[in-house]
Amino acid sequence: MSDWDGRTAPDAAEMEAMARSALDGLPPEFREAAAQVALQVAEFAPDDVLDELQIDDPFELTGLYDGIPLTEKSISDQPGGSDIIWLFRRPILDEWASREDVTLGDLVVHIVTHEMAHHFGWSDEDISTIDRWWE
């Protein structure tokens with residue numbers, strides 16, 4: 001067990017660095033649009049978000065896209081701030097620890113990719129294809 005001596009779970013900045021690495025790995029045709037999306041890491045989703053999504057257990061939400069998908073944006077949209085991909089650190093760590101079949105970095109890549117798919121306006125069916133690949 002000495003391999004774990006002195007180690008700690010990644011903090012928000014380290015998890016954000018993993019997510020940025022995932023965005024850097026996107027195919028070139030997606031990178032420019034992805035660069036317009038902010039990344040934020042929080043411990044958990046806020047209660048109002050969980051209530052809106054009808055999620056009782058805050059550990060069930062690992063990430064969230066907050067914005068207007070590219071396929072729905074128009075010039076008449078009022079700027080209300082950047083589109084944001086939220087990563088929820090504690091639920092991500094919990095999922096990683098319980099799965100035992102994926103690295104933390106790969107899990108973060110998967111979550112960021114899934115949320116970025118919402119930004120690109122991919123359908124739920126398209127996104128489920130990503131999820132099926134992941135399982």
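Here is a short conversation about the fold of this predicted model.

Visitor: How many helices and strands does the protein have?
Guide: Residues are numbered from 1 along each chain as its sequence is written. As this is a predicted model, local features need pLDDT of at least 70. Helices (H or I, at least four residues) and strands (E, at least two) are DSSP runs, numbered from the N terminus. The total comes to six helices and three strands.

Visitor: In what order do the strands of the open sheet stand?
Guide: Two strands count as paired if DSSP finds at least two bridges between them. Strands S1 (37–42) and S2 (63–66) each have a single partner strand, so one side of each is left without a neighbour in the sheet. The pairing is mixed, and the order is S1-S3-S2.

Visitor: Which residue in S3 stands opposite Val 37?
Guide: Happy to trace that one! S1 and S3 (residues 83–88) run parallel and are joined by six bridges. Opposite Val 37 in S3 stands Asp 83.

Visitor: Which helix packs on the sheet, touching S1, S2 and S3?
Guide: Touching here is contact, meaning heavy atoms within 4.5 Å. Angles run from 0 to 180 degrees between N-to-C directions, with axes fitted to C-alpha atoms, for helices over the stretch in contact. Helix H4 (residues 89–99) lies across S1 and S3, at about 50° to S3. The helix touching S1, S2 and S3, with its direction at about 150° to that of S3, is H5 (residues 104–119).

Visitor: What percentage of the residues count as buried?
Guide: Buried means under 20% relative accessible area, using a 1.4 Å probe and protein chains only. Of the 135 residues of the protein, the buried share is 33%.

Terms used
This is a predicted model: local features need pLDDT of at least 70, side-chain atom pairs count only at pLDDT 80 or more; totals for chains, interfaces and linings use all residues. Side-chain values use heavy atoms; hydrogens and water are left out. Buried means under 20% relative accessible area, exposed over 50%, partly exposed in between (1.4 Å probe, protein chains only).
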